[in-house]
Amino acid sequence: MKRRTFLQGTLAASAAGLAVSAGLLTPRMVMAEGGGAFDAKTMEEALKTMALTPEDSADIKIKAPEIAENGAVVPVTVTSGVAGTTEISILVDGNPTPLAATFILGEGTQPEASTRIKMGKTANVVAIAKAGDKSYTAKQEVKVTIGGCGG
Amino acid sequence: MSSIKLKAAVKDGTVEVKALMTHPMETGQRKDKKTGELVPAHFIQDIVVTAGDKTILTAKWGGSVSKNPYLAFNYAGKAGDKVKLAWTDNKGEKDSAEADVA
């Protein structure tokens, strides 16, 4: 039931998008990193707000299911093999707001983070690792079986 | 009662921290089935995990993190460390939990 509600919500999201951006999501706390990147509606906008121009890298590994039956709970683990990684972000290019999470690593923390995210439809999970003033990215497609948008 | 389940244990030379939080994580884009109105956004925005007085992880989240969010990572620590996780959501609500590294 919850999944269904969530997915219907996703369907309605495009219509509701304006209302959301006008009212509900604006009074966000100012983020230390990324500014309003969580409000960004497209990948391009999110990357621009985060001031990142990541290059593709095989050192970024994403562990996520190829097929997710439940788009409301998709387990994702991102590991960065790039030395000096300080930040790991997880984005979903098909979501109404692509940026899902940013992890800022403390000293001695392994460049790996696991969490569970929502996906409205079949899309790419995009991981970005920041090291120094450079950033690296990788992506993996996750097929969402019961998708709100025909996925 | 805390809404956070926090576990930290030494594993392969590092400390594995696992946390499960109870939170609706509403995106603000979901409609209430009965009323047809949008459910207001309500999600965890900031998480700070410390070991002793050292910050080991800061997380910034949006509404696309799943309901009752899960978080796991490893850090260079030792048994006996006091790991503390604190979150703040977009409504300013807060919660925290502490665990000793086993």
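How many bridges pair β6(A) with strand β4 (residues 54-61) of chain B? Five, and the two strands run antiparallel. That pairing is a good place to start a tour of this predicted model, and the legends below take it one close-up at a time.

**View 1. Strand β6 of chain A, with a partner in each chain.**
Strand β6 covers residues 99-105 of chain A. Within chain A, β6(A) pairs with strand β5 (residues 85-92) in the antiparallel sense, and five bridges hold that match. To get from β5(A) to β6(A), the chain makes a hairpin of six residues. A good residue to look for here is A:Thr102. A:Ser89 stands opposite A:Thr102, and in β4(B) the bridge partner of A:Thr102 is B:Lys60. Is β6(A) largely enclosed or left open? It's largely enclosed by the rest of the structure, because six of its seven residues are buried. If you're new to strands, it helps to know that they pair in a sheet through backbone hydrogen bonds, either parallel or antiparallel.

**View 2. An open sheet built from both chains.**
Here six strands line up in the order β2(A)-β4(A)-β7(A)-β5(B)-β2(B)-β1(B), with antiparallel pairing. At the edges sit β2 (60-63) of chain A and β1 (4-11) of chain B, each paired on one side only. From one strand to the next, the twist averages 15°. As you follow any regular strand, expect side chains to alternate between the two faces of the sheet.

**View 3. Strand β7 of chain A, where the sheet passes from chain A to chain B.**
On the chain A side, β7 (residues 112-117) pairs antiparallel with strand β4 (residues 74-80) over six bridges. Two pairs make handy landmarks for that match. A:Val76 has A:Thr115 as its bridge partner, and A:Thr79 has A:Glu112. On the chain B side, β7(A) meets strand β5 (residues 70-75), again antiparallel, over two bridges. Look for A:Ser114 there: its bridge partner in β5(B) is B:Ala72.

**View 4. The second largest pocket.**
This pocket holds about 170 Å³ of space. Which residues line it? They are A:Met43, A:Leu47, A:Pro54, A:Asp56, A:Asp93, A:Asn124, A:Val126, A:Thr137, A:Ala138 and A:Lys139. Three elements of chain A, namely α2 (43-49), β8 (123-131) and β9 (134-144), each supply at least two residues of the lining. The largest share comes from β9(A), which gives three residues.

**View 5. A:Lys139, a lining residue seen up close.**
A:Lys139 belongs to strand β9 of chain A and is among the residues that line the second largest pocket. Buried or exposed? A:Lys139 is exposed, with a relative accessible area of 60%. Setting aside residues up to four places away in sequence, A:Lys139 touches A:Ile62, A:Asn124, A:Val125 and A:Val126. Of those contacts, A:Asn124 and A:Val126 also appear in the pocket lining. Then there's A:Leu91: 48 residues separate it from A:Lys139 in sequence, but their C-alpha atoms are 9.2 Å apart in space.

**View 6. Two loop residues with positive phi.**
Neither A:Ala51 nor B:Met25 is a glycine, yet each has a positive phi. For A:Ala51, phi is near 60°; for B:Met25, phi is about 50°. A:Ala51 sits in the loop between α2 and β1 (55-56) of chain A, while B:Met25 sits in the loop between β2 (14-21) and β3 (44-51) of chain B. Their surroundings make a neat contrast: A:Ala51 is exposed, with a relative accessible area of 66%, whereas B:Met25 is buried, with a relative accessible area of 1%.

**View 7. Chain B on its own.**
What does chain B contain in the way of helices and strands? There are zero helices and seven strands, so the pattern along the sequence reads β-β-β-β-β-β-β. Chain B has 102 residues, and 51% of them count as buried. Its accessible surface comes to about 4,800 Å², with 51% of that belonging to carbon and sulfur atoms. Among contacts in chain B with a separation of 6 or more, 53% are between residues 24 or more positions apart.

Key: Residues are numbered from 1 along each chain as its sequence is written. Chains are lettered from A and ligands numbered from 1 in the order in which they are written. This is a predicted model: local features need pLDDT of at least 70, side-chain atom pairs count only at pLDDT 80 or more; totals for chains, interfaces and linings use all residues. Side-chain values use heavy atoms; hydrogens and water are left out. Helices (H or I, at least four residues) and strands (E, at least two) are DSSP runs, numbered from the N terminus. Buried means under 20% relative accessible area, exposed over 50%, partly exposed in between (1.4 Å probe, protein chains only). Contact means heavy atoms within 4.5 Å. Accessible areas come from the Shrake-Rupley method with a 1.4 Å probe; for residues, only the protein chains shown count as cover. Two strands pair if DSSP finds at least two bridges between them. Axes are lines fitted to C-alpha atoms, for helices over the stretch in contact, and angles run from 0 to 180 degrees between N-to-C directions. On a 1 Å grid over the protein atoms alone, a cavity is a set of points where a 1.4 Å probe fits but cannot get out, and a pocket is an open set with protein on both sides within 12 Å along at least five of seven lines; lining residues have an atom within 4 Å of a point. Grid points are joined across faces, edges and corners, and a volume is the space filled by probe spheres set on the points.
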